[in-house]
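Please look through the structure shown below with two places in mind: the surroundings of the ligand, and the open space within the protein itself. The paragraphs that follow take them in that order.

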Amino acid sequence: MLAVTDLRKEFGGLVAVDDVNFEIGDEEIVGLIGPNGAGKTTLFNSITGVLEPEDGTRVEFDGTDIVALETHAIARKGLVRTFQIVRVFDEMTVFENVMTGALFGNEESVSEREAEERSRDALEFIGLMDKKDMTTGNLPIAQKKQLELARALASKPRLLLLDEIASGLTPGEIAELTDTIRRLRDERGISVFWIEHIMDAIMGVADRIIVLNSGRKLAEGTPDEIRDNKEVIEAYLGDEA
Ligand SMILES: Nc1ncnc2c1ncn2[C@@H]1O[C@H](COP(=O)(O)OP(=O)(O)OP(=O)(O)O)[C@@H](O)[C@H]1O
Ligand SMILES: [Mg+2]
């Protein structure tokens with residue numbers, strides 16, 4: 001579904017992402033881990049049109065080159081993300097927030113009625129329907145993160161990119177979120193590419209893990225393989241694993 005070849009992004013003299021290659025398949029949950037500053041968010045930004053990667057980078061989504069496309073055009077193709085710092089419209093209601101995903105995320109033009117239907121479906125799926133009329137700014141962080149997920153779901157993604165969606169949540173909230181993400185794959189056939197520092201969250205659900213260190217891909221494998229990888233333990237996992 002997604003094929004990334006020689007992804008490179010520099011900031012002045014700093015090579016933030018250093019010729020990284022990987023693929024993500026259908027109905028797959030792939031974790032992206034690595035120390036602070038490893039280049040994880042920059043990698044997401046370079047795939048989703050937020051940043052322009054260096055010449056030579058190839059990013060193909062469903063066989064189409066998407067490197068030169070803008071974020072909204074990429075989202076319309078079905079590649080949708082959430083942000084490390086939650087970005088919801090605080091002054092809108094929960095339902096209105098989800099409607100922005102339903103109306104603007106999708107390829108074909110969507111009628112108001114159809115968008116409402118998708119928004120209700122997304123809120124039901126995520127478990128946030130009882131909050132639909134609340135002003136978003138009043139929600140606790142866990143529900144704001146669920147809302148981001150619901151809004152992304154309402155735009156009918158095929159591949160969801162999640163940037164540290166579990167950070168700041170309690171273990172119980174993380175377990176619930178992880179279960180929702182697994183259901184997105186199993187029941188909706190959505191692939192997930194997930195940056196996360198919280199190992200309990202990502203290791204339990206990911207089919208495969210990619211480890212980034214100083215912009216380079218250090219390792220790739222099943223969660224068990226990554227836990228046992230000496231280089232990964234030295235660079236990152238340490239006593240966290
Ligand atoms: N817009 C920018 N301009 C200059 N340097 C940047 C910019 N964005 C990121 N960087 C630098 O690129 C490197 C990678 O940053 P990035 O945010 O991608 O790391 P990360 O793996 O997401 O880290 P974290 O786990 O802390 O979120 C860091 O050295 C960072 O300071
Ligand atoms: Mg980051």
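In this predicted model, a good place to begin is the side chain of Lys40, one of whose polar atoms lies 2.7 Å from an oxygen atom of ligand 1. His197 also reaches the ligand through its side chain, with a polar atom 2.8 Å from an oxygen atom of ligand 1. Gly39 takes part through its backbone instead, where a polar atom is 3.0 Å from an oxygen atom of the ligand. With these contacts in view, one can turn to how far the ligand is enclosed: on its own, ligand 1 has 640 Å² of accessible area, and the protein covers 61% of this.

Around ligand 1 there are 14 residues, and those that come nearest are Asn36, Gly37, Lys40, Thr42 and His197. Two elements, β2 (14-24) and α1 (40-47), each give two or more residues to this shell, and the largest share, three residues, comes from α1. Sorted by class, the shell consists of seven polar, five nonpolar and two charged residues.

The second place to examine is the largest pocket, whose volume is about 510 Å³. Its lining is made up of 20 residues, of which Ala75, Val80, Arg81, Phe83 and Arg151 are the closest to the pocket centre. The elements α2 (71-76), β6 (79-81), α3 (94-104) and α5 (141-154) each contribute two or more residues to that lining, which by class holds eight nonpolar, eight polar and four charged residues.

Where does the largest pocket lie with respect to the domains? Domain 1 (1-78 + 159-170 + 189-241) and domain 2 (85-156) both give residues to its lining, and the pocket therefore lies between them.

Conventions
Residues are numbered from 1 along each chain as its sequence is written. Chains are lettered from A and ligands numbered from 1 in the order in which they are written. This is a predicted model: local features need pLDDT of at least 70, side-chain atom pairs count only at pLDDT 80 or more; totals for chains, interfaces and linings use all residues. Side-chain values use heavy atoms; hydrogens and water are left out. On a 1 Å grid over the protein atoms alone, a cavity is a set of points where a 1.4 Å probe fits but cannot get out, and a pocket is an open set with protein on both sides within 12 Å along at least five of seven lines; lining residues have an atom within 4 Å of a point. Grid points are joined across faces, edges and corners, and a volume is the space filled by probe spheres set on the points. Helices (H or I, at least four residues) and strands (E, at least two) are DSSP runs, numbered from the N terminus. Ala, Val, Leu, Ile, Met, Phe, Trp, Tyr, Cys and Pro count as nonpolar, Asp, Glu, Lys and Arg as charged, and the others, Gly among them, as polar. Domain bounds come from an automatic or database domain assignment. A residue is near a molecule or strand if one of its heavy atoms lies within 4 Å of it. A polar contact is a pair of N or O atoms within 3.5 Å; within protein, one must be able to donate a hydrogen and the other to accept it, and residues adjacent in sequence count only if both atoms are side-chain atoms. Accessible areas come from the Shrake-Rupley method with a 1.4 Å probe; for residues, only the protein chains shown count as cover.
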